Protein chains: 2
Amino acid sequence: MKIGILGSGQLGRMLALAGYPLGHTFTFFDTAPNSATSNLGATTLATFDDHTALGAFAAACDVVTYEFENVPYQAALTINSHVPVYPPARALKVSQDRVIEKEFLQGLGIATPAFLAVSSEAELHSACLTLGTPCIVKTRRLGYDGKGQVRINSQGDIAGAWRELSGAPLIVEGFIPFTRELSVIAVRSIDGTVLTYPLAQNVHRSGILHRSEIPAPEVTQELQAAAYQIASTVLQELQYVGVIAIELFDVDGELLVNELAPRVHNSGHATIDGVVTSQFENHIRAITGTALGSVEPRSRSVMYNLVGTLPDLSRLTALPNAKLHLYGKEPRAGRKLGHVTLLNPSQRDEQTLEQLLGGVSVAVVTPTS
Amino acid sequence: MKIGILGSGQLGRMLALAGYPLGHTFTFFDTAPNSATSNLGATTLATFDDHTALGAFAAACDVVTYEFENVPYQAALTINSHVPVYPPARALKVSQDRVIEKEFLQGLGIATPAFLAVSSEAELHSACLTLGTPCIVKTRRLGYDGKGQVRINSQGDIAGAWRELSGAPLIVEGFIPFTRELSVIAVRSIDGTVLTYPLAQNVHRSGILHRSEIPAPEVTQELQAAAYQIASTVLQELQYVGVIAIELFDVDGELLVNELAPRVHNSGHATIDGVVTSQFENHIRAITGTALGSVEPRSRSVMYNLVGTLPDLSRLTALPNAKLHLYGKEPRAGRKLGHVTLLNPSQRDEQTLEQLLGGVSVAVVTPTS
């Protein structure tokens, strides 16, 4: 099939790299050229409100998907009038606004952090009193990688948070004293089969995912089943097709949903090397009406993001069980340039990698003979 | 780096798919357009004796490699006057002519089938007497997938074989009553490190590879070490850089070299899914001066070629541990269209796949309840 992807970044790149072996071809739609996918298919350059361009793009594809959740709902509808768009447009609507998302989840009986929508400084004050401090104020839309959010530790922080974020609709979320951050990557096929990958355990730095481990350590069957239950409820309700990522807080064994991402996700990158069928391949399988592939883990796998600048790649590639994935992008502060997945790493392997990523030079002492 | 590949078929495709994640880009050189790589980089269309085109192609690359061993030696030299060509041009010279190849191997003390070069029907008669029947007469150059060879079972077959093959320089090889066909994929880095993959056990049909299993069953450490010894001797002598495939006959535990292929090879395709670092990735690592990756197997892996026509892909992709790799080529008799690798297959899994490949329709009996 000819698969159209809205967006042309690293997720589109990895979708294409997973999809070519299945016999598909790829074309991208974005507002600006992106070196991540420039060698893997043509890119239509236009804005997401250019419905003529969207229609022409769709008409040249057999199916269209997207690699970011801020695709305008109307753009998805326009494309869907030509060819199927998966995941369905409703998934965009639900996930683009943190308030709508949490109301959707609570309507399904799925636990989330407590929250209140606010649209004035007075409402922000009131919400902080109701939810208590610390709490987090976020823009309802367009936040990612920790952008568009401020933590409020006490009433004294409110004025500053309001100055920083006002102008956009906001949400205040109660602070969750979580044991750890988990996520579950799930996939639903056109015929309704739902599979969940092993839970991933995630560590963020400065709001950006730093380390993701699959399978997450110390996961009981009960916890994995709870994640499956959440995923299948959401996917069934949305009549979803494709991969979804569900970010979770583990609070002493209870799962709360932090956020949905209706797409392949950074915390699923370890599935490329660590699972029989990667999240990218299963997304492509799902949207092309192919049976889903096995999500059995092949090893314990730990992914680290390469953010901002690349480490010494000659040392990184010399680690025997390191699988490198670069995105073909120019270095820039805060930009995700690639990731590396360690297969069955020892603690020492991880220390070595952390040192490489931290730019810390490590003296290797060779015994004199 | 920008990597140039001479040839643009499925081997180039899989090299590119393995190389993009390492941050490289690809461009191809071939005499005709090929859909296998048409989406993965630009292709220069020219003949291999167009030294102007070769020079311009080379000048736009950082390093050049090839995906077939019949690249003219002079073409490799022209490119090498601009940028490095790996594997080195001498590997082409040695492997393009079956007589030169066997003389090269014997000069290194490596066992091969007995052989004689022949250039007349009288010489063919004489060679068949010397080597005994059955024996195999082959063109010295340009044979592949069983093309350009005839088996001579008795003196009565000689005239027919001569009619079929005369016109090209020929070689007669003694028939080897082998226990099994094996191959070893080996790789040498610029700094001289040699790694060998686990031996593959291969089964051919109509001269085309049908099934390849890694690790080959019942391989003693001694046998794997003998394969390493052969590979490292050849690679060292050629000051080789990149992947080589060495086809072997196992005769009651003794290894004879049948053929060298100075490139990634069909019998190494199972390494994509079955080994930590695939033959494609290690070839790219080698020619870009990167440390070689681990060649540890991750599972028992059995590859089947998809030749001529594709089987029912919906049933193939429904096999839980089947990894599909299509080459984006139109079906044609005898053409390799893709391969599928089964991870840790049971005997039953293999039977199911063989039936799918054979086009045999299997009735699935569902018990009535």
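# Strands, sheets and helices in chains A and B

Strand 12 of chain A, residues 208–214, is mostly covered, with seven of its seven residues buried. Everything described here comes from a predicted model, so please read each contact and angle as a feature of that prediction.

## Strand 12 of chain A and its partners

Strand 12 of chain A has strand 11 (residues 200–205) of chain A as an antiparallel partner, and five bridges connect the two. One of the facing pairs puts H204(A) with L209(A), its bridge partner in strand 12 of chain A. The two strands make a hairpin with two residues between them. In that turn, S206(A) has a positive phi of about 50°.

Strand 12 of chain A also pairs with strand 15 (residues 301–307) of chain A, again in the antiparallel sense, over four bridges. Here S212(A) is found opposite M303(A) in strand 15 of chain A.

## Two helices of chain A

Which residues of helix 2 (residues 51–59) of chain A are buried? They are A53(A), L54(A), G55(A), F57(A) and A58(A). The cover over these buried residues includes strand 1 (2–6), strand 2 (25–30), strand 3 (43–45), strand 4 (63–66) and helix 3 (73–80) of chain A.

Helix 5 (residues 98–107) of chain A holds K102(A). Is K102(A) buried or exposed? K102(A) is buried, because its relative accessible area is 0%, and the cut-off for buried is under 20%. Setting aside neighbours within four places in sequence, K102(A) is in contact with T112(A), P113(A), F115(A), I171(A), E173(A) and N258(A).

## The antiparallel sheet of chain B

Moving to chain B, strands 5, 8, 6 and 7 form an open sheet in the order 5-8-6-7, with antiparallel pairing. Strand 5 (115–118) and strand 7 (149–152) of chain B are the edge strands, and each pairs on one side only. From one strand to the next, the twist averages 20°.

Strand 6 (residues 135–139) of chain B pairs with strand 8 (residues 170–174) of chain B in the antiparallel sense, over five bridges. Four bridges join strand 6 of chain B to strand 7 of chain B, and these two also run antiparallel. V137(B) faces a valine in each of these partners: V172(B) in strand 8 of chain B and V150(B) in strand 7 of chain B. Next along strand 6, I136(B) has E173(B) in strand 8 of chain B as its bridge partner.

Strand 6 of chain B is mostly covered, as five of its five residues are buried. In a regular strand, side chains alternate between the two faces of the sheet. In strand 6 of chain B, C135(B), V137(B) and T139(B) point one way, while I136(B) and K138(B) point the other way, and all are buried. Helix 7 (residues 158–165) of chain B lies across strand 6, strand 7 and strand 8 of chain B, and runs at about 175° to strand 7 of chain B.

## The parallel sheet of chain B

Another open sheet in chain B has four strands in the order 3-2-1-4, with parallel pairing. Strand 3 (43–45) and strand 4 (63–66) of chain B are at the edges with a single partner strand each, so one side of each has no neighbour in the sheet. The twist in this sheet averages 25° from one strand to the next.

Strand 1 (residues 2–6) of chain B pairs with strand 4 of chain B in the parallel sense over four bridges. In that pairing, V64(B) in strand 4 of chain B is the bridge partner of G4(B). Helix 10 (residues 279–287) of chain B lies across strand 1, strand 2 (25–30) and strand 4 of chain B, at about 145° to strand 4 of chain B.

Here are some of the strand pairings in one place.

| Strand pair | Sense | Bridges |
|---|---|---|
| Strand 11 and strand 12, chain A | antiparallel | five bridges |
| Strand 12 and strand 15, chain A | antiparallel | four bridges |
| Strand 6 and strand 8, chain B | antiparallel | five bridges |
| Strand 6 and strand 7, chain B | antiparallel | four bridges |
| Strand 1 and strand 4, chain B | parallel | four bridges |

## A helix pair in chain B

Two packed helices are described by the angle between their axes and the distance between the axes. For helix 2 (residues 51–59) and helix 3 (residues 73–80) of chain B, the angle is about 45° and the axes are 8 Å apart. That angle makes helix 2 of chain B oblique to helix 3 of chain B. The crossing of the two is right-handed.

On the helix 2 side, H51(B), L54(B), G55(B) and A58(B) meet Q74(B), A75(B), T78(B) and I79(B) in helix 3 of chain B. By class, this contact has four nonpolar, four polar and no charged residues.

Conventions:
Residues are numbered from 1 along each chain as its sequence is written. Chains are lettered from A and ligands numbered from 1 in the order in which they are written. This is a predicted model: local features need pLDDT of at least 70, side-chain atom pairs count only at pLDDT 80 or more; totals for chains, interfaces and linings use all residues. Side-chain values use heavy atoms; hydrogens and water are left out. Two strands pair if DSSP finds at least two bridges between them. Axes are lines fitted to C-alpha atoms, for helices over the stretch in contact, and angles run from 0 to 180 degrees between N-to-C directions. Contact means heavy atoms within 4.5 Å. Angles under 35 degrees count as roughly parallel, over 145 as roughly antiparallel, 65 to 115 as roughly perpendicular and the rest as oblique. A crossing is left-handed if the near helix is turned anticlockwise from the far one by less than a right angle, and right-handed if clockwise. Ala, Val, Leu, Ile, Met, Phe, Trp, Tyr, Cys and Pro count as nonpolar, Asp, Glu, Lys and Arg as charged, and the others, Gly among them, as polar. Buried means under 20% relative accessible area, exposed over 50%, partly exposed in between (1.4 Å probe, protein chains only).
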